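I opened this one up with a coffee and a list of things to look up. My notes follow, in the order I made them.

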Amino acid sequence: MLITLTGLMVMTACVSTSPTARSPHIPHELRGLWVATVDNADWPSSRDLTPEQQRRELVAIFDRAAALHLNAIFLQIRPAADALYPSPLEPWSEYLTGKMGKAPEPFYDPLAFAVTEAHARGLELHAWFNPFRAHHPSGTSEPDPRHVLRAHPERVHPYGPFVWMDPGDEDVQRESLAVIVDVVRRYDVDGVHLDDYFYPYPEHDANGQRIDFPDIALWDRYVAAGGRLSREDWRRDNINRFVRELYTTVKSIRPRVVVGISPFGIWRPGNPAQIQGFDAWSDLYADARLWLQQGWVDYMAPQLYWGTDQREQSFPVLLRWWVEQDKDKDGRRIAPGLAIYRVSGSSRGLSAEEIARQIGLIREERRAGGFILFSARTLMEDCERINAVLGAAIEAER
(Lines give C-alpha, C1' and ligand atoms only; values in the text may rest on other atoms or scores of the structure.)
Protein backbone atom coordinates (compact mmCIF):
# COMPACT_ATOMS: atom_id res chain seq x y z
CA MET A 1 0.00 0.00 0.00
CA LEU A 2 1.11 3.55 -0.64
CA ILE A 3 -0.04 4.57 2.83
CA THR A 4 2.27 4.05 5.82
CA LEU A 5 0.71 4.07 9.28
CA THR A 6 2.58 4.57 12.53
CA GLY A 7 1.87 4.29 16.22
CA LEU A 8 0.41 1.60 18.41
CA MET A 9 -2.89 -0.16 17.83
CA VAL A 10 -5.34 -0.53 20.66
CA MET A 11 -6.62 -4.09 20.85
CA THR A 12 -8.56 -6.17 23.29
CA ALA A 13 -7.31 -9.60 24.27
CA CYS A 14 -9.45 -12.46 23.05
CA VAL A 15 -9.38 -16.16 23.71
CA SER A 16 -8.54 -18.28 20.67
CA THR A 17 -11.13 -20.78 19.55
CA SER A 18 -10.35 -24.13 18.04
CA PRO A 19 -11.20 -24.62 14.36
CA THR A 20 -14.70 -25.85 13.70
CA ALA A 21 -15.03 -25.29 9.97
CA ARG A 22 -13.00 -25.57 6.81
CA SER A 23 -12.27 -22.56 4.68
CA PRO A 24 -15.38 -21.47 2.77
CA HIS A 25 -15.63 -21.45 -0.98
CA ILE A 26 -14.93 -18.18 -2.73
CA PRO A 27 -17.81 -16.00 -1.57
CA HIS A 28 -20.25 -14.43 -3.99
CA GLU A 29 -19.44 -11.07 -2.41
CA LEU A 30 -15.85 -10.69 -1.28
CA ARG A 31 -15.76 -8.67 1.95
CA GLY A 32 -12.09 -8.42 2.80
CA LEU A 33 -9.75 -6.75 5.28
CA TRP A 34 -6.08 -5.97 4.76
CA VAL A 35 -3.83 -6.68 7.75
CA ALA A 36 -0.51 -4.92 7.17
CA THR A 37 2.64 -5.98 8.99
CA VAL A 38 5.18 -3.56 7.49
CA ASP A 39 6.16 -0.94 10.09
CA ASN A 40 3.85 -2.83 12.49
CA ALA A 41 0.99 -0.95 10.86
CA ASP A 42 -1.77 -3.38 11.87
CA TRP A 43 -0.17 -6.47 13.40
CA PRO A 44 1.71 -7.11 15.55
CA SER A 45 1.29 -3.70 17.18
CA SER A 46 4.94 -3.65 18.29
CA ARG A 47 8.08 -5.73 17.87
CA ASP A 48 8.47 -6.72 21.51
CA LEU A 49 5.26 -8.68 22.06
CA THR A 50 5.37 -12.24 23.29
CA PRO A 51 4.01 -14.93 20.98
CA GLU A 52 0.92 -15.19 23.18
CA GLN A 53 0.31 -11.44 22.88
CA GLN A 54 0.78 -11.66 19.12
CA ARG A 55 -1.75 -14.45 18.86
CA ARG A 56 -4.28 -12.57 20.97
CA GLU A 57 -3.95 -9.47 18.80
CA LEU A 58 -4.44 -11.46 15.62
CA VAL A 59 -7.44 -13.30 17.03
CA ALA A 60 -8.94 -9.96 18.05
CA ILE A 61 -8.65 -8.73 14.46
CA PHE A 62 -10.25 -11.90 13.12
CA ASP A 63 -13.06 -11.68 15.68
CA ARG A 64 -13.73 -8.07 14.67
CA ALA A 65 -13.80 -9.03 11.01
CA ALA A 66 -16.21 -11.90 11.65
CA ALA A 67 -18.46 -9.70 13.80
CA LEU A 68 -18.74 -7.26 10.88
CA HIS A 69 -19.62 -10.12 8.49
CA LEU A 70 -16.40 -9.79 6.52
CA ASN A 71 -15.28 -13.04 4.94
CA ALA A 72 -11.62 -12.70 3.95
CA ILE A 73 -8.36 -11.62 5.57
CA PHE A 74 -5.43 -10.41 3.46
CA LEU A 75 -2.41 -10.90 5.72
CA GLN A 76 0.92 -9.38 4.70
CA ILE A 77 3.49 -12.14 5.20
CA ARG A 78 6.41 -10.86 3.08
CA PRO A 79 6.79 -7.11 3.57
CA ALA A 80 10.44 -6.71 2.51
CA ALA A 81 12.13 -9.95 1.37
CA ASP A 82 11.48 -11.38 4.83
CA ALA A 83 8.91 -13.73 6.30
CA LEU A 84 6.31 -13.76 9.05
CA TYR A 85 6.41 -17.57 8.98
CA PRO A 86 9.23 -20.15 9.01
CA SER A 87 10.65 -19.87 5.50
CA PRO A 88 13.42 -22.02 4.02
CA LEU A 89 14.20 -19.16 1.63
CA GLU A 90 14.14 -15.91 3.62
CA PRO A 91 14.75 -14.76 7.21
CA TRP A 92 12.18 -14.04 9.88
CA SER A 93 10.86 -10.48 9.72
CA GLU A 94 12.02 -7.97 12.30
CA TYR A 95 8.42 -6.70 12.47
CA LEU A 96 7.60 -9.89 14.35
CA THR A 97 10.48 -10.24 16.81
CA GLY A 98 12.48 -7.00 16.61
CA LYS A 99 15.48 -8.70 14.99
CA MET A 100 15.63 -9.97 11.46
CA GLY A 101 16.23 -13.71 11.40
CA LYS A 102 15.02 -14.27 14.96
CA ALA A 103 12.19 -16.78 15.37
CA PRO A 104 9.40 -16.31 17.95
CA GLU A 105 10.27 -17.61 21.44
CA PRO A 106 8.60 -19.83 22.40
CA PHE A 107 8.28 -20.93 18.81
CA TYR A 108 5.07 -20.91 16.81
CA ASP A 109 4.18 -20.54 13.14
CA PRO A 110 2.18 -17.31 12.69
CA LEU A 111 0.92 -18.20 9.22
CA ALA A 112 -0.28 -21.67 10.21
CA PHE A 113 -1.95 -20.10 13.25
CA ALA A 114 -3.58 -17.43 11.07
CA VAL A 115 -4.93 -19.98 8.59
CA THR A 116 -6.43 -22.10 11.36
CA GLU A 117 -8.02 -19.21 13.24
CA ALA A 118 -9.36 -17.54 10.10
CA HIS A 119 -10.96 -20.75 8.86
CA ALA A 120 -12.45 -21.40 12.28
CA ARG A 121 -14.41 -18.16 11.86
CA GLY A 122 -15.49 -18.77 8.25
CA LEU A 123 -12.87 -16.32 6.98
CA GLU A 124 -10.64 -16.94 3.99
CA LEU A 125 -6.92 -16.32 4.52
CA HIS A 126 -5.09 -14.74 1.59
CA ALA A 127 -1.29 -14.51 1.74
CA TRP A 128 -0.17 -10.99 0.79
CA PHE A 129 3.33 -10.67 -0.71
CA ASN A 130 5.50 -7.72 -1.72
CA PRO A 131 7.52 -9.18 -4.61
CA PHE A 132 10.23 -6.53 -5.10
CA ARG A 133 10.73 -4.47 -1.93
CA ALA A 134 14.02 -5.31 -0.17
CA HIS A 135 14.04 -2.77 2.67
CA HIS A 136 11.50 -0.38 4.19
CA PRO A 137 12.73 2.77 5.99
CA SER A 138 11.05 1.58 9.20
CA GLY A 139 13.46 -1.35 9.30
CA THR A 140 16.21 -0.90 11.88
CA SER A 141 17.55 -4.42 12.34
CA GLU A 142 20.89 -5.58 10.97
CA PRO A 143 20.18 -7.64 7.83
CA ASP A 144 20.30 -11.37 8.36
CA PRO A 145 22.93 -13.26 6.29
CA ARG A 146 20.09 -14.93 4.34
CA HIS A 147 18.47 -11.61 3.43
CA VAL A 148 18.91 -10.37 -0.12
CA LEU A 149 20.75 -7.26 1.11
CA ARG A 150 23.62 -9.46 2.26
CA ALA A 151 23.19 -12.64 0.25
CA HIS A 152 22.76 -10.95 -3.15
CA PRO A 153 23.64 -7.23 -2.99
CA GLU A 154 23.96 -7.23 -6.78
CA ARG A 155 20.17 -7.67 -7.05
CA VAL A 156 19.17 -4.56 -5.10
CA HIS A 157 19.20 -0.80 -5.56
CA PRO A 158 18.84 1.99 -2.98
CA TYR A 159 16.12 4.31 -4.24
CA GLY A 160 14.97 7.16 -2.03
CA PRO A 161 14.57 5.87 1.54
CA PHE A 162 13.87 2.32 0.29
CA VAL A 163 15.92 -0.48 -1.19
CA TRP A 164 14.36 -2.38 -4.10
CA MET A 165 15.06 -5.60 -5.88
CA ASP A 166 15.24 -5.05 -9.62
CA PRO A 167 12.10 -6.41 -11.35
CA GLY A 168 14.10 -6.78 -14.56
CA ASP A 169 16.48 -9.27 -12.93
CA GLU A 170 15.40 -12.81 -13.79
CA ASP A 171 16.98 -14.13 -10.59
CA VAL A 172 14.84 -11.70 -8.58
CA GLN A 173 11.72 -12.86 -10.39
CA ARG A 174 12.58 -16.52 -9.83
CA GLU A 175 13.29 -15.97 -6.14
CA SER A 176 10.07 -14.02 -5.53
CA LEU A 177 8.06 -16.67 -7.35
CA ALA A 178 9.81 -19.43 -5.38
CA VAL A 179 8.83 -17.73 -2.11
CA ILE A 180 5.18 -17.64 -3.16
CA VAL A 181 5.22 -21.23 -4.45
CA ASP A 182 6.68 -22.42 -1.14
CA VAL A 183 3.73 -20.92 0.74
CA VAL A 184 1.16 -22.30 -1.70
CA ARG A 185 2.64 -25.79 -1.35
CA ARG A 186 2.96 -25.81 2.45
CA TYR A 187 -0.03 -23.84 3.72
CA ASP A 188 -3.78 -24.10 3.25
CA VAL A 189 -4.09 -20.50 2.08
CA ASP A 190 -7.10 -19.48 0.04
CA GLY A 191 -5.35 -16.89 -2.07
CA VAL A 192 -2.16 -15.18 -3.18
CA HIS A 193 -2.28 -11.39 -3.20
CA LEU A 194 -0.06 -8.56 -4.48
CA ASP A 195 -0.62 -4.85 -3.89
CA ASP A 196 0.36 -1.75 -5.90
CA TYR A 197 4.17 -1.95 -5.61
CA PHE A 198 5.86 -3.15 -8.80
CA TYR A 199 8.50 -0.70 -9.93
CA PRO A 200 8.61 1.79 -7.05
CA TYR A 201 6.72 5.04 -6.79
CA PRO A 202 8.95 7.80 -8.21
CA GLU A 203 11.45 9.50 -5.91
CA HIS A 204 12.69 13.08 -6.38
CA ASP A 205 15.90 14.88 -5.55
CA ALA A 206 16.31 18.06 -3.46
CA ASN A 207 15.44 20.15 -6.51
CA GLY A 208 12.23 18.25 -7.16
CA GLN A 209 13.64 16.43 -10.17
CA ARG A 210 12.54 12.86 -10.66
CA ILE A 211 15.21 10.24 -9.94
CA ASP A 212 15.26 7.44 -12.49
CA PHE A 213 15.20 3.91 -11.12
CA PRO A 214 18.81 2.66 -11.36
CA ASP A 215 18.41 -0.34 -13.65
CA ILE A 216 20.68 0.88 -16.44
CA ALA A 217 23.01 -2.15 -16.26
CA LEU A 218 20.20 -4.63 -16.91
CA TRP A 219 18.75 -2.39 -19.58
CA ASP A 220 22.12 -2.21 -21.38
CA ARG A 221 22.38 -6.00 -21.18
CA TYR A 222 18.92 -6.35 -22.71
CA VAL A 223 19.79 -4.01 -25.59
CA ALA A 224 23.15 -5.72 -26.17
CA ALA A 225 21.33 -9.05 -26.48
CA GLY A 226 19.17 -7.64 -29.27
CA GLY A 227 16.20 -6.37 -27.27
CA ARG A 228 14.04 -3.92 -29.23
CA LEU A 229 11.52 -2.63 -26.72
CA SER A 230 11.82 0.91 -25.39
CA ARG A 231 13.08 1.11 -21.83
CA GLU A 232 9.57 1.91 -20.58
CA ASP A 233 7.99 -0.98 -22.50
CA TRP A 234 10.78 -3.29 -21.34
CA ARG A 235 9.97 -2.43 -17.73
CA ARG A 236 6.27 -3.10 -18.31
CA ASP A 237 7.13 -6.37 -20.01
CA ASN A 238 9.19 -7.40 -16.97
CA ILE A 239 6.14 -6.94 -14.75
CA ASN A 240 3.75 -8.52 -17.24
CA ARG A 241 5.89 -11.66 -17.45
CA PHE A 242 6.07 -11.91 -13.66
CA VAL A 243 2.29 -11.56 -13.25
CA ARG A 244 1.58 -14.11 -15.97
CA GLU A 245 4.08 -16.60 -14.54
CA LEU A 246 2.73 -16.11 -11.03
CA TYR A 247 -0.81 -16.88 -12.12
CA THR A 248 -0.02 -19.92 -14.24
CA THR A 249 2.37 -21.38 -11.66
CA VAL A 250 -0.01 -21.04 -8.70
CA LYS A 251 -2.85 -22.54 -10.71
CA SER A 252 -0.69 -25.47 -11.81
CA ILE A 253 0.04 -26.31 -8.17
CA ARG A 254 -3.33 -25.65 -6.49
CA PRO A 255 -6.04 -24.54 -8.89
CA ARG A 256 -8.44 -23.53 -6.11
CA VAL A 257 -6.04 -20.89 -4.74
CA VAL A 258 -7.25 -17.45 -5.85
CA VAL A 259 -4.73 -15.01 -7.34
CA GLY A 260 -5.45 -11.30 -7.14
CA ILE A 261 -3.81 -7.90 -7.34
CA SER A 262 -4.68 -4.52 -5.84
CA PRO A 263 -3.24 -1.89 -8.20
CA PHE A 264 -3.29 1.88 -7.86
CA GLY A 265 -6.86 2.94 -8.64
CA ILE A 266 -6.09 4.94 -11.80
CA TRP A 267 -4.79 2.86 -14.70
CA ARG A 268 -4.02 5.95 -16.80
CA PRO A 269 -5.26 9.54 -16.50
CA GLY A 270 -7.98 10.19 -19.05
CA ASN A 271 -9.49 6.73 -18.60
CA PRO A 272 -12.29 7.68 -18.50
CA ALA A 273 -11.98 11.25 -19.76
CA GLN A 274 -12.60 13.17 -16.51
CA ILE A 275 -10.06 11.18 -14.47
CA GLN A 276 -6.76 12.84 -13.56
CA GLY A 277 -3.93 11.88 -11.24
CA PHE A 278 -1.00 9.52 -10.91
CA ASP A 279 -0.26 7.31 -13.93
CA ALA A 280 0.43 3.77 -12.73
CA TRP A 281 0.96 2.53 -16.29
CA SER A 282 3.85 4.92 -16.97
CA ASP A 283 5.24 5.43 -13.45
CA LEU A 284 4.91 1.98 -11.84
CA TYR A 285 5.03 0.14 -15.19
CA ALA A 286 1.91 -1.68 -14.04
CA ASP A 287 -0.48 -2.50 -16.88
CA ALA A 288 -3.26 -3.74 -14.61
CA ARG A 289 -5.90 -3.54 -17.35
CA LEU A 290 -3.87 -5.97 -19.45
CA TRP A 291 -3.61 -8.45 -16.55
CA LEU A 292 -7.36 -8.31 -16.10
CA GLN A 293 -8.16 -8.73 -19.77
CA GLN A 294 -5.62 -11.53 -20.25
CA GLY A 295 -7.11 -13.47 -17.34
CA TRP A 296 -3.90 -13.40 -15.27
CA VAL A 297 -5.89 -12.67 -12.11
CA ASP A 298 -9.01 -14.13 -10.55
CA TYR A 299 -9.99 -10.74 -9.18
CA MET A 300 -8.76 -7.16 -9.36
CA ALA A 301 -8.98 -4.88 -6.33
CA PRO A 302 -8.13 -1.37 -7.61
CA GLN A 303 -7.44 1.01 -4.74
CA LEU A 304 -10.29 3.47 -5.15
CA TYR A 305 -9.35 5.62 -2.19
CA TRP A 306 -11.34 8.72 -3.18
CA GLY A 307 -14.81 10.09 -2.55
CA THR A 308 -17.93 9.91 -4.66
CA ASP A 309 -17.92 13.69 -5.18
CA GLN A 310 -14.22 14.01 -6.07
CA ARG A 311 -14.65 14.64 -9.79
CA GLU A 312 -11.13 13.99 -11.09
CA GLN A 313 -10.83 10.78 -9.03
CA SER A 314 -14.53 9.97 -8.79
CA PHE A 315 -15.21 6.71 -6.99
CA PRO A 316 -18.34 5.72 -8.97
CA VAL A 317 -16.78 6.73 -12.30
CA LEU A 318 -13.63 4.71 -11.65
CA LEU A 319 -15.64 1.78 -10.34
CA ARG A 320 -17.70 1.67 -13.53
CA TRP A 321 -14.56 1.98 -15.70
CA TRP A 322 -12.83 -0.94 -14.01
CA VAL A 323 -15.93 -3.13 -14.29
CA GLU A 324 -16.16 -2.31 -18.00
CA GLN A 325 -12.54 -3.37 -18.62
CA ASP A 326 -13.39 -6.96 -17.78
CA LYS A 327 -13.96 -8.47 -21.22
CA ASP A 328 -14.11 -12.08 -20.04
CA LYS A 329 -17.56 -13.48 -20.79
CA ASP A 330 -17.35 -15.48 -17.56
CA GLY A 331 -16.34 -12.39 -15.60
CA ARG A 332 -13.38 -11.64 -13.39
CA ARG A 333 -14.21 -10.20 -10.03
CA ILE A 334 -13.74 -6.45 -9.45
CA ALA A 335 -13.53 -5.84 -5.69
CA PRO A 336 -12.29 -2.30 -5.03
CA GLY A 337 -10.09 -1.36 -2.13
CA LEU A 338 -11.82 1.13 0.18
CA ALA A 339 -9.90 3.70 2.24
CA ILE A 340 -11.30 3.29 5.73
CA TYR A 341 -8.00 4.71 7.06
CA ARG A 342 -9.12 8.11 5.75
CA VAL A 343 -11.90 8.47 8.32
CA SER A 344 -9.40 9.72 10.93
CA GLY A 345 -5.86 10.99 11.45
CA SER A 346 -3.65 12.99 9.10
CA SER A 347 -5.16 11.35 6.02
CA ARG A 348 -8.70 12.26 7.02
CA GLY A 349 -10.96 13.06 4.12
CA LEU A 350 -13.73 10.48 4.07
CA SER A 351 -16.50 9.79 6.55
CA ALA A 352 -17.69 6.40 7.70
CA GLU A 353 -20.96 7.19 5.94
CA GLU A 354 -19.04 7.76 2.70
CA ILE A 355 -17.48 4.29 2.96
CA ALA A 356 -20.95 2.83 3.55
CA ARG A 357 -22.19 4.70 0.49
CA GLN A 358 -19.37 3.20 -1.59
CA ILE A 359 -20.32 -0.30 -0.50
CA GLY A 360 -23.82 0.45 -1.75
CA LEU A 361 -22.47 1.65 -5.11
CA ILE A 362 -20.39 -1.52 -5.49
CA ARG A 363 -23.48 -3.63 -4.88
CA GLU A 364 -25.34 -1.74 -7.58
CA GLU A 365 -22.71 -2.73 -10.17
CA ARG A 366 -23.81 -6.09 -11.53
CA ARG A 367 -20.29 -7.35 -12.28
CA ALA A 368 -18.57 -5.92 -9.22
CA GLY A 369 -17.83 -8.60 -6.67
CA GLY A 370 -17.17 -7.04 -3.29
CA PHE A 371 -14.57 -4.87 -1.57
CA ILE A 372 -11.46 -4.94 0.61
CA LEU A 373 -10.96 -2.50 3.50
CA PHE A 374 -7.63 -0.83 4.22
CA SER A 375 -6.89 -1.53 6.94
CA ALA A 376 -7.41 -3.40 10.24
CA ARG A 377 -6.15 -0.66 12.57
CA THR A 378 -9.12 1.56 11.78
CA LEU A 379 -11.57 -1.17 12.75
CA MET A 380 -9.68 -2.06 15.91
CA GLU A 381 -9.61 1.57 17.05
CA ASP A 382 -13.23 2.05 15.87
CA CYS A 383 -12.36 5.44 14.39
CA GLU A 384 -15.40 7.73 14.16
CA ARG A 385 -17.61 4.79 15.18
CA ILE A 386 -16.91 3.19 11.82
CA ASN A 387 -17.76 -0.32 13.02
CA ALA A 388 -21.41 0.49 13.64
CA VAL A 389 -21.75 2.29 10.30
CA LEU A 390 -20.00 -0.44 8.35
CA GLY A 391 -21.82 -3.19 10.19
CA ALA A 392 -25.18 -1.72 9.26
CA ALA A 393 -24.14 -1.19 5.62
CA ILE A 394 -22.76 -4.70 5.22
CA GLU A 395 -25.70 -6.36 6.95
CA ALA A 396 -28.27 -4.33 5.00
CA GLU A 397 -27.97 -6.39 1.82
CA ARG A 398 -25.78 -9.30 2.87
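**Entry 1: H11 against H13**

I started with a pair of helices, and I saw that H11 passes H13 in a right-handed crossing. A reminder to myself before going on: this is a predicted model.

Next I looked up the geometry of the pair. The axes of H11 (residues 352-364) and H13 (residues 386-396) come within 9 Å, and the crossing angle is roughly 20°. Angles under 35 degrees count as roughly parallel, and H11 and H13 are therefore roughly parallel to each other.

Which residues make the contact? From H11 I noted Ala352, Glu353, Ile355, Ala356, Ile359 and Arg363, and from H13 I noted Ile386, Val389, Leu390, Ala393 and Ile394. Sorting the residues of this H11 and H13 contact gave me nine nonpolar, no polar and two charged.

**Entry 2: What is buried in H13**

I stayed with H13 and listed its buried residues: Ile386, Asn387, Val389, Leu390, Gly391, Ala393 and Ile394. What covers them? The cover includes S1 (30-35), H1 (51-67), H11, S14 (370-373) and H12 (376-381).

Asn387 caught my eye, so I checked this residue of H13 separately. Is Asn387 buried or exposed? Its relative accessibility is 11%, and the cut-off for buried is under 20%, so Asn387 counts as buried. Leaving out residues up to four places away in sequence, Asn387 touches Arg64, Leu68, Leu379 and Asp382.

**Entry 3: Ala36, in a loop**

From there I moved to Ala36, which lies in the loop between S1 and H1. Ala36 is buried, with a relative accessible area of 3%. Which residues does Ala36 touch, not counting residues up to four places away in sequence? I found Ala41, Asp42, Trp43, Gln76 and Trp128.

I also took one distance from here. Ala36 and Thr248 are 212 residues apart in sequence, and their C-alpha atoms are 26 Å apart in space.

**Entry 4: H1 against H3**

H1 was next on my list, together with H3 (residues 110-120). Their axes come within 10 Å and cross at roughly 35°, and H1 passes H3 in a right-handed crossing. On the H1 side I noted Arg55, Leu58, Val59 and Phe62, which meet Phe113, Ala114, Glu117 and Ala118 of H3. The residues of this contact between H1 and H3 divide into six nonpolar, no polar and two charged.

**Entry 5: H5 against H7**

I then looked up H5 (residues 170-186) and H7 (residues 231-253). Their axes come within 10 Å and cross at roughly 25°, and H5 and H7 are therefore roughly parallel to each other. H5 passes H7 in a right-handed crossing.

Who meets whom? Gln173, Ser176, Leu177, Ile180, Val181, Val184 and Arg185 in H5 meet a set in H7 that includes Asn238, Arg241, Phe242, Glu245 and Leu246. The residues of the contact of H5 with H7 come out as eight nonpolar, four polar and three charged.

**Entry 6: A three-stranded sheet**

Time for some strands. Three of them form an open sheet in the order S4-S6-S5, with antiparallel pairing. Which are the edge strands? They are S4 (133-135) and S5 (156-159), each of which pairs on one side only. The twist averages 35° from one strand to the next.

I went through the pairings in turn. S4 and S6 (residues 162-165) pair in the antiparallel sense over two bridges. Arg133 has Trp164 of S6 as its bridge partner, and His135 has Val163 of S6. On the other side, four bridges join S5 to S6, which run antiparallel, and the bridge partner of Tyr159 in S6 is Phe162. S5 and S6 form a hairpin with two residues between them, and Gly160 in that turn has a positive phi of about 60°.

Which way do the residues of S6 point? Phe162 and Trp164 point one way and Val163 and Met165 the other way, and all are buried. I jotted down the textbook rule beside this: in a regular strand the side chains alternate between the two faces of the sheet.

**Entry 7: H10**

My last look was at H10 (residues 315-325), where Phe315, Leu318, Leu319, Trp321, Trp322, Val323 and Gln325 are buried. What covers the buried residues of H10 includes H9 (288-294), S11 (299-300), S12 (333-334), S13 (337-338) and H11.

Conventions. Residues are numbered from 1 along each chain as its sequence is written. This is a predicted model: local features need pLDDT of at least 70, side-chain atom pairs count only at pLDDT 80 or more; totals for chains, interfaces and linings use all residues. Side-chain values use heavy atoms; hydrogens and water are left out. Axes are lines fitted to C-alpha atoms, for helices over the stretch in contact, and angles run from 0 to 180 degrees between N-to-C directions. Angles under 35 degrees count as roughly parallel, over 145 as roughly antiparallel, 65 to 115 as roughly perpendicular and the rest as oblique. A crossing is left-handed if the near helix is turned anticlockwise from the far one by less than a right angle, and right-handed if clockwise. Contact means heavy atoms within 4.5 Å. Ala, Val, Leu, Ile, Met, Phe, Trp, Tyr, Cys and Pro count as nonpolar, Asp, Glu, Lys and Arg as charged, and the others, Gly among them, as polar. Two strands pair if DSSP finds at least two bridges between them. Buried means under 20% relative accessible area, exposed over 50%, partly exposed in between (1.4 Å probe, protein chains only).
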